[in-house]
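This report looks at side-chain packing and charge pairing in one protein chain. Please keep the sequence and coordinates at hand while reading.

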Amino acid sequence: MIGTAPRDFAALLPAGGRLAGLDVGTKTIGVGLCDAGWSFASPAETIRRTKFGADKAALLALFARQQVKGLVIGLPLNMDGSDSPRTQSVRAFARNMADAGLPILLWDERWSTAAVTRQMIAEDLSRARRAEAVDKMAAAYILQGAIDALAGGALPAF
């Protein structure tokens, strides 16, 4: 199941379980993970994109190792909420991941990379360190927003 409704996604995970957040870019896929109780998300790793089959295999291996029960994929909407070519690419990525058997929640990721970058600049990380960490930190940021809504009970009505 792929959707944008947090309530529907939560209903597919009645016992909770660990979630993975993905920030899907053209060159990398940032991965964040949360605990089974949906309290906190952390950056996990950045996967350099090659061919989709290899990318998917790397993700599935990570999901199996970490016992992931669902995916939150950042959806890069335009500022007015409309789709862009990048949004369509992420939707296609989600469709191609659907056969993994994990529920997928598409989560609005506007401002995620900017917010993470601002935080890393405030922490005085070098440009090289920021480039190395931004994707996995953005994935954790996206995931944290989703689990805050899911666990807090105040789910937005999309």
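The text below covers the nonpolar cores, then one helix, then an aromatic pair and the salt bridges. The model is predicted.

**Nonpolar cores**

The largest nonpolar core holds 22 residues. Leu22, Ile29, Leu59, Phe63, Leu71, Ile73 and Phe93 touch the most other members. Both strands and helices feed this core. Strands E2 (18-24), E3 (28-34), E5 (68-75) and E6 (104-108) each give two or more residues. So do helices H2 (52-66) and H3 (85-97). Another core lies apart from it and has 16 residues. Among them are Phe9, Ala146, Ala149 and Leu150. As a general tendency, nonpolar side chains in soluble globular proteins are buried together.

Ile29 shows what one core member touches. Neighbours within four places in sequence are left aside here. Its contacts then include Leu22, Leu59 and Phe93. Ile29 is also in contact with Val24, Thr46, Ile47 and the charged residues Asp23, Glu45, Arg49 and Asp55.

**Helix H3**

H3 has 13 residues. From its first C-alpha to its last it reaches 19 Å, close to the 18 Å expected at 1.5 Å a residue. Which residues of H3 are buried? They are Thr87, Val90, Phe93, Ala94 and Met97. These residues cover an arc of only 115 degrees around the axis, which puts them on the same side of H3. Pro85 and Arg95 are exposed on the other side. What do the buried residues of H3 pack against? Their partners are strand E1 (2-3), E2, E3, H2, E5 and E6.

**The aromatic pair**

The count of aromatic pairs comes to 1. Phe52 and Phe93 form it, edge-to-face. The ring centres are 5.6 Å apart, and the planes make an angle of 85 degrees. Phe52 sits in helix H2 and Phe93 in helix H3, 41 residues apart, so the pair links distant parts of the chain. Phe93 is buried, at 3% relative accessible area. Phe52 is partly exposed, at 27%.

**Salt bridges**

A search of the whole structure finds 4 salt bridges. The table lists some of them, with the N to O distance and the relative accessible area of each partner.

| Acidic residue | Basic residue | N to O distance |
|---|---|---|
| Glu45, 28% | Arg65, 54% | 4.0 Å |
| Asp99, 61% | Lys56, 14% | 2.3 Å |
| Asp83, 33% | Arg91, 24% | 3.2 Å |

Glu45 and Arg65 link distant parts of the chain. Glu45 is in strand E4 (residues 41-48), and Arg65 is in helix H2, 20 residues apart. Glu45 counts as partly exposed, while Arg65 counts as exposed.

Asp99 and Lys56 also bridge distant parts of the chain, 43 residues apart. Asp99 lies in the loop between H3 and E6, and Lys56 lies in helix H2. Is Lys56 buried or exposed? Lys56 is buried, because its 14% relative accessible area falls under the 20% cut-off. Asp99 counts as exposed, because its 61% is over 50%.

Asp83 and Arg91 form a further salt bridge. Asp83 counts as partly exposed, and Arg91 is partly exposed too.

Note on methods: Residues are numbered from 1 along each chain as its sequence is written. This is a predicted model: local features need pLDDT of at least 70, side-chain atom pairs count only at pLDDT 80 or more; totals for chains, interfaces and linings use all residues. Side-chain values use heavy atoms; hydrogens and water are left out. A nonpolar core is a set of buried Ala, Val, Leu, Ile, Met, Phe, Trp, Tyr and Cys residues joined through side-chain atoms within 4.5 Å. Buried means under 20% relative accessible area, exposed over 50%, partly exposed in between (1.4 Å probe, protein chains only). Helices (H or I, at least four residues) and strands (E, at least two) are DSSP runs, numbered from the N terminus. Contact means heavy atoms within 4.5 Å. Rings of Phe, Tyr and Trp (its six-membered ring) pair if their centres lie within 6.5 Å; planes under 30 degrees apart count as stacked, over 60 as edge-to-face and the rest as tilted. The expected span of a helix is 1.5 Å times one less than its number of residues. The arc is that of the directions from the helix axis to the C-beta atoms. A salt bridge is a side-chain nitrogen of Lys or Arg within 4 Å of a carboxyl oxygen of Asp or Glu.
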